[in-house]
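Look at the sequence and the model together. The text below goes from the ligand to a few points in the backbone.

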Amino acid sequence: MDDPVLLTGAGGRVGQAILSRLADEYDWRLLDREPIPAERRHGVPESASIVADVTDEAAIAEAVAGCGAVIHLAGDPRPNAPWDSVLANNIDGTQTVFSAAVDAGVEKVAFASSNHAVGAYETDERTPEMYRDDDDYRLDGTELPRPSNLYGVSKASGETLGRYYHDHADLDVVCVRIGNLTEGHPPREYERGQAMWLSHRDCAHLFDRCLQADYGYEIVYGISDNDRKYYSIDRAKAVLDYAPQDNSAEFTFEGEPKGE
Ligand SMILES: NC(=O)C1=CN([C@@H]2O[C@H](COP(=O)(O)OP(=O)(O)OC[C@H]3O[C@@H](n4cnc5c(N)ncnc54)[C@H](O)[C@@H]3O)[C@@H](O)[C@H]2O)C=CC1
Ligand SMILES: O=C1O[C@H](COP(=O)(O)O)[C@@H](O)[C@H](O)[C@H]1O
């Protein structure tokens, strides 16, 4: 990807996992509604950092002009976020980004979806067994959304907006149902979190592949190669050439490295 890449939500947790490892690999444009301090730009110049809300059509049109790709992360990430917030930040904001991307002739958009788009598959009958490494239950991205909450509804809506802009405007879209991103170790003493752990380096690698690979419309799961898992990463491997390096089984339940 030689053209500039717009990274929305660049100042947040996922944005930092990506930028801290890939700052030198792309001609980034960073966008966040909060100013991004120098230490969180990782060498990207201030002139390439835009302070704007993703619901601001004019600002997003300007931000995306000339870009070849967008990684769209900006939004309210709280599983308990209220409807008014996810409606504005996650649904309206995502529609604004997809629409502006199409108008600007952007080639591909990687959209940060979530495990909460499908959280209701975790029924009382299946849990906690499905979080364990001896259970073979898998979601693979072909299943219908079954959101956990209104935040999950907003993420399913983003996936559907991506489908719409792919089908009607030929935009290449990959929706990454991100699991649980933590730095340095998997979520501590949390079976579900350890089954859907996404390490920082696997996160950066996965979004790098989203920028490099060829695809039309895809839904993939964004987790590390955990022994415990109920999300298949086969599609991400096949389509994106995703090759994760981390596995929550290399840590104790308390989150300490097991060592050799
Ligand atoms: N952290 C995780 O484990 C997971 C994150 N995700 C998704 O990944 C994306 C990023 O999440 P995090 O980095 O964890 O959240 P975060 O809250 O750390 O970062 C989000 C960033 O987006 C910005 N932002 C929020 N609303 C905005 C708006 N209307 N306009 C412009 N900027 C806005 C915030 O200022 C913040 O810097 C979100 O869409 C979230 O739903 C999905 C699954 C798991
Ligand atoms: O989508 C998200 O999911 C992760 C994991 O969910 P949790 O309910 O197990 O915490 C969450 O940490 C993150 O904030 C959210 O954006």
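Which pocket is the space taken by ligand 1? In this predicted model, that space is the largest pocket. Four elements each give two or more residues to the shell around the ligand: α1 (13–22), β5 (108–114), α4 (150–169) and β7 (180–181). The most comes from β5, with 3 residues.

The shell can also be sorted by class: 10 residues are nonpolar, 9 are polar and 6 are charged. Of the 25 residues around ligand 1, the nearest are Asp32, Leu73, Asn89, Tyr151 and Lys155.

Some atom pairs can now be picked out. An N or O atom in the side chain of Tyr151 is 2.5 Å from an oxygen atom of ligand 1. Two other residues take part through a backbone N or O atom: in Val54 this atom lies 2.9 Å from a nitrogen atom of the ligand, and in Leu181 it lies 3.0 Å from an oxygen atom of the ligand. On its own, ligand 1 has 820 Å² of accessible area, and the protein covers 90% of this.

Next comes the backbone. Most peptide bonds are trans, and most residues other than glycine have a negative phi. Thr127 and Pro128 are joined by a cis peptide bond, with omega about 5 degrees. Pro128 is in the loop between β5 and α4.

His42 has a positive phi, near 55 degrees, and is not a glycine. His42 is in the loop between β2 (28–32) and β3 (49–51). Asp241, also not a glycine, has a positive phi of about 65 degrees and is in the segment after α7 (234–240).

Are these two residues buried or exposed? His42 is partly exposed, because its relative accessible area is 29%. Asp241 has a relative accessible area of 52%, so Asp241 counts as exposed.

Methods
Residues numbered from 1 in each chain as written. Chains lettered and ligands numbered in written order. Predicted model: local features only at pLDDT ≥ 70, side-chain atom pairs only at ≥ 80, totals over all residues. Heavy atoms only, no water. Near = heavy atom within 4 Å. Polar contact = N/O pair within 3.5 Å; in protein donor to acceptor, adjacent residues only side chain to side chain. Areas by Shrake-Rupley, 256 points an atom, 1.4 Å probe, with all protein chains shown as cover. 1 Å grid on protein atoms, 1.4 Å probe; cavity = no way out; pocket = protein on both sides within 12 Å on 5 of 7 lines; lining within 4 Å. Sits in = over half its atoms within 2 Å of the grid points. Nonpolar A, V, L, I, M, F, W, Y, C, P; charged D, E, K, R; others polar. Buried < 20%, exposed > 50% of the residue type's maximum accessible area, 1.4 Å probe, protein only.
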